[in-house]
Amino acid sequence: MSPAPELRAATHSPVGPVAFAPGVTVLLLAAPVLAGLAGVVLPAFGWQPVLGGRALTLDPWRTLADWPGLPRAIWLSLSTGFAATAVSLAITLLLTAAWHGTRTFDALMRLLSPLLSVPHAAAAFGLAFLIAPSGWIARIISPWATGWERPPDLLLVNDPAGVALTLGLIAKEVPFLLLMTLAALAQIDSQRSLRVARSMGYGRVAGWAKTVLPAVYRQIRLPVYAVLAYSMSVVDMALILGPTRPPTLAVQVLEWITSPDLANRFNAAAGALLQALLVAGALVFWWLGERVAARLGRRWAEGGARHLRADTVLRPLALFAAGTTALAVLAGLAALALWSVAGLWQFPDPLPRNVNLRTWAGQVPALGRATGETLLIGLVTTLLAITLVIACLEADHRRGRLRRGASWLLPMIYLPLLVPQIAFLPGLQTFALMAGMDSGRVVVIAAHLVFVLPYVFLSLSDPWRAWDRRHAVAAATLGARPSRVLWAVRLPMLLRAALVAAAVGFAVSVAQYLPTLVLGGGRIETLTTEAVALASGANRRVIGVFAVAQMLLPMLGFLLALGLPALVFRNRKGVWA
Amino acid sequence: MRIPLLAAGALLASLAHTAGAEPPDPADWPAVLAEAEGQTVYWHAWGGDPRINDFIGWVGRELDARHGVRLVHVKLADTADAVTRVIAEASAGRDEGGAVDAIWINGTNFLSMKEQGLLYGPFAQDLPNWVFVDTQANPTVEIDYTTPVEGLGAPWAMFRKVFEYDSARVPEPPRNAAALAEWVRASPGRFTYPQPPDFAGMGFLKQLLIELTDAPEALQRPVDEADYDAVTAPLWGWLDQVTPHLWRAGRAYPQNEPGLGQLLADGEVDIGFSYNPGRVSAAIAGAELPDTARTFVFENGTLGNSSFLSIPYNAANKAGALVLANLILEPAVQARAQNPDVLGFQTVLGMDLLAPEDRARFAALDLGIATLPPDEMGPALLEPHPSWETRLAADWRQRFGLAE
């Protein structure tokens with residue numbers, strides 16, 4: 001059997017300069033990733049000479065196992081991670097199935113997509129203030145409706161089961177998954193499939209689930225995995241909303257690593273490794289779940305049930321869930337913005353007694369300095385990342401599926417997402433120093449790249465691969481060389497997906513705290529280094545100022561990502577079905 | 001691929017070693033000043049309080065104007081982040097030219113770095129302004145948590161633990177452990193403490209232990225030498241009694257001292273505490289607390305500790321860091337820090353050691369409406385040996401740190 005025509009067209013053409021891209025990417029990332037990993041694995045087995053660990057031992061694991069909170073902490077990481085991922089995915093898919101292509105959907109997208117750029121910590125602070133017994137909702141309905149002159153003693157935030165944490169994660173991950181789904185839909189003729197299904201009498205949601213979902217899910221699988229890995233190892237949100245007795249495993253690792261007793265850094269390393277294994281196990285479990293769901297789903301689809309009436313329940317439900325998500329985060333942010341100008345604001349006053357710009361005036365100089373630095377680092381990192389990712393994907397594509405080159409190494413770049421960042425950094429830092437990279441902007445950009453690149457990769461690779469290769473064949477028969485196919489056909493068609501991936505990358509770069517601080521040697525001051533340092537003082541006014549500033553920058557990125565394609569292709573109607 | 005890369009890294013590392021300069025000798029102060037001029041000092045210090053950040057900014061301007069040394073405040077969320085950097089540098093063999101020139105460090109982090117040999121010094125006693133430091137009245141500037149500082153850190157502020165409350169809601173606050181227990185039972189849900197091993201939460205446990213135990217002298221020696229169970233039984237008894245009546249019935253705890261302060265500001269709790277006696281006055285001025293907020297201390301006294309400025313063993317700009325350490329001990333700078341409109345930190349200087357005009361700077365300070373005058377602060381309690389803190393934290397976690 002000879003390869004299919006489109007494959008032949010791809011493999012017979014020279015791969016071109018992009019052939020080096022996977023190698024270059026792996027070279028750029030392999031060393032820091034391996035070093036970061038070594039910096040976790042060695043101390044986990046007792047090896048860290050500077051701290052007196054000069055023999056390989058299992059003691060750190062014994063200390064870890066002796067911690068009585070371990071089973072519960074593991075359970076919390078798993079339960080909050082799975083619940084947050086499953087519910088965010090369900091809301092995302094349900095909303096898309098029930099409302100995609102309507103004005104309501106567009107309006108909701110406009111409301112939700114800026115939320116993607118809200119830093120997790122800011123969203124968590126906002127939510128915590130919203131739902132706490134002394135929070136905004138309680139202040140608004142007290143005392144006239146509740147009779148509360150004092151905040152009631154109710155355990156809403158930091159609940160032992162992690163419900164508040166799960167809700168916070170859902171609020172943050174739904175916008176991410178929605179944007180990924182939207183980018184994926186651009187590669188599928190979903191409206192036509194849906195129209196056919198509906199003409200055959202299927203309900204809107206059921207028709208979408210049976211015809212469009214399989215193609216969409218294949219494209220958003222990696223982002224879903226990222227959500228699962230992130231939700232299980234999140235620290236900043238878990239510190240604010242999560243349980244404390246015990247906390248999640250990731251938070252406990254942080255507590256050990258920041259403990260003044262340096263001996264705890266060994267069990268911290270063991271804990272971090274355990275965390276990585278947990279995430280890896282959870283991903284395998286999810287993957288198995290996908291198989292089962294696919295099998296059940298196929299049977300369901302073949303069954304032919306039309307589920308027409310389900311729409312009357314599911315459409316309002318989707319709207320309610322997504323709307324609540326958006327409103328909760330937006331109201332929390334509005335509360336933080338209000339705090340940034342608040343004078344004395346006590347329970348149960350629904351609004352501050354007076355407002356002033358004192359906090360803003362005090363922070364403006366730092367804001368100005370930090371904004372420029374944040375932009376510069378974010379833009380350079382994102383540009384590097386998106387270039388490398390596109391080059392890698394293109395090289396992969398031109399080689400064809402039959403001759404896989406260095407790309408089998410590429411999955412390694414996802415490792416930084418599996419290991420908790422705080423545990424990953426010491427090794428990365430030591431490596432940077434050994435490589436002679438002391439401090440400053442270049443090493444910070446290199447470090448950001450380690451964390452930004454995986455997100456850009458997972459955001460773009462599925463839509464990229466889902467692109468219909470017959471376009472390339474058509475262009476090639478017209479005499480276009482591979483590079484021209486890339487620039488004139490593929491990139492324009494994938495512009496939205498590429499821009500969304502870039503916007504995600506930019507947001508990830510903006511959010512980096514520890515890599516910027518520790519690898520930059522304190523030389524680099526960004527909005528996030530300022531914001532996280534100030535957030536440790538729990539001062540809502542200052543947090544409000546930086547939350548607003550920190551959100552505006554990446555929000556610009558997302559607005560560009562969503563708006564630019566429409567602008568560029570305003571004369572090509574129908575490119576974005 | 002892995003091996004050549006590591007080899008290349010090692011090669012680069014060996015090339016990166018610059019010609020080593022002799023560390024400055026703090027006893028030869030004119031030479032220190034000369035070497036410091038033109039240096040940029042990176043001071044890694046907690047950045048969670050805008051008021052402290054502003055103060056450090058002001059110190060930087062003074063340092064530049066007087067000594068030609070630039071100061072950059074590296075704002076940390078946690079002092080451990082700077083410790084992480086120094087450990088990484090040490091791991092990579094970067095024994096010179098380190099990125100951290102100075103760390104604002106408190107007792108336990110300081111002890112860890114000292115024990116691992118990661119600090120430069122001794123230097124504190126050689127600073128010209130050391131003569132103003134009152135080591136008699138303020139023993140915590142030389143003995144931190146029963147362990148000698150040995151000149152590896154320059155003290156620059158003292159902290160005393162004070163309780164904070166709103167006098168409009170609590171007319172007569174409880175001034176000892178038994179009264180506090182009584183008050184908590186009568187006002188369920190209105191008191192809590194930061195979750196150990198947070199240092200403020202540990203401070204509260206130690207304060208209680210010192211008052212409640214029958215053998216307070218045992219706390220000054222390592223925990224191994226004492227009958228731990230007997231010494232600590234009254235503390236656990238107190239906590240067992242009180243915990244069901246705590247905020248959230250003890251099912252959740254605030255994360256740290258700022259978290260507890262936020263609960264007080266939100267009216268969720270009625271009594272809080274902090275290690276900064278001037279915090280409430282400053283918070284009233286900043287409209288964070290109502291003007292009826294006040295502070296009090298327990299009758300038997302209150303714990304105190306000092307903040308230090310330490311210099312990592314491999315700091316690139318040690319001379320500049322020394323000049324900074326000396327500047328923040330200067331009477332004018334200390335008086336500014338003690339001003340409640342600025343920080344409200346307690347000075348480490350002795351009034352009788354100062355020149356009259358400097359003494360006048362302190363005398364002129366209005367401590368603020370909620371700050372206790374020195375004669376009402378009560379006796380300073382001695383910190384227990386650090387081994388107690390470790391053991392108490394582990395024990396607390398077993399008894400109260402896990403969900404029921």
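Mentor: Two residues are in contact if their C-beta atoms, placed from the backbone, lie within 7 Å. Keep in mind that this is a predicted model.

Trainee: How many residues does each chain give to the contact?

Mentor: Chain A gives 54 residues and chain B gives 58. On the side of chain A that touches chain B, the elements with two or more residues are H2 (21–44), H18 (421–434), H23 (514–519) and H24 (527–535). H18(A) has the largest share, six residues.

Trainee: What classes of residue make up that side of chain A?

Mentor: There are 29 nonpolar, 18 polar and seven charged residues.

Trainee: Now the helices. Why is H19(A) called roughly antiparallel to H22(A)?

Mentor: Look at the angle. The axes of H19 (residues 441–466) and H22 (residues 495–511) of chain A cross at roughly 155°. Angles over 145 degrees count as roughly antiparallel, so H19(A) is roughly antiparallel to H22(A). The axes come within 9 Å. The crossing is right-handed.

Trainee: Which residues of H19(A) meet H22(A)?

Mentor: Among them are His448(A), Phe451(A) and Tyr455(A). Their partners in H22(A) include Ala497(A), Val500(A) and Gly505(A). By class, this contact has 13 nonpolar, four polar and no charged residues.

Trainee: At what angle do H11(A) and H14(A) pack?

Mentor: At about 145°, with their axes 10 Å apart. H11 spans residues 213–233 of chain A, and H14 spans residues 264–303. Their crossing is right-handed.

Trainee: What makes up the contact of H11(A) with H14(A)?

Mentor: Nine nonpolar and two polar residues, with no charged ones. Tyr225(A) and Met232(A) are among those from H11(A), and Trp286(A) is one of those from H14(A).

Technical notes:
Residues numbered from 1 in each chain as written. Chains lettered and ligands numbered in written order. Predicted model: local features only at pLDDT ≥ 70, side-chain atom pairs only at ≥ 80, totals over all residues. Helix = DSSP H or I, 4+ residues; strand = E, 2+ residues; numbered from the N terminus. Nonpolar A, V, L, I, M, F, W, Y, C, P; charged D, E, K, R; others polar. Axes fitted to C-alpha atoms, helices over the stretch in contact; angles between N-to-C directions. Parallel < 35°, antiparallel > 145°, perpendicular 65-115°, else oblique. Left-handed = near helix turned anticlockwise from the far one by under 90°.
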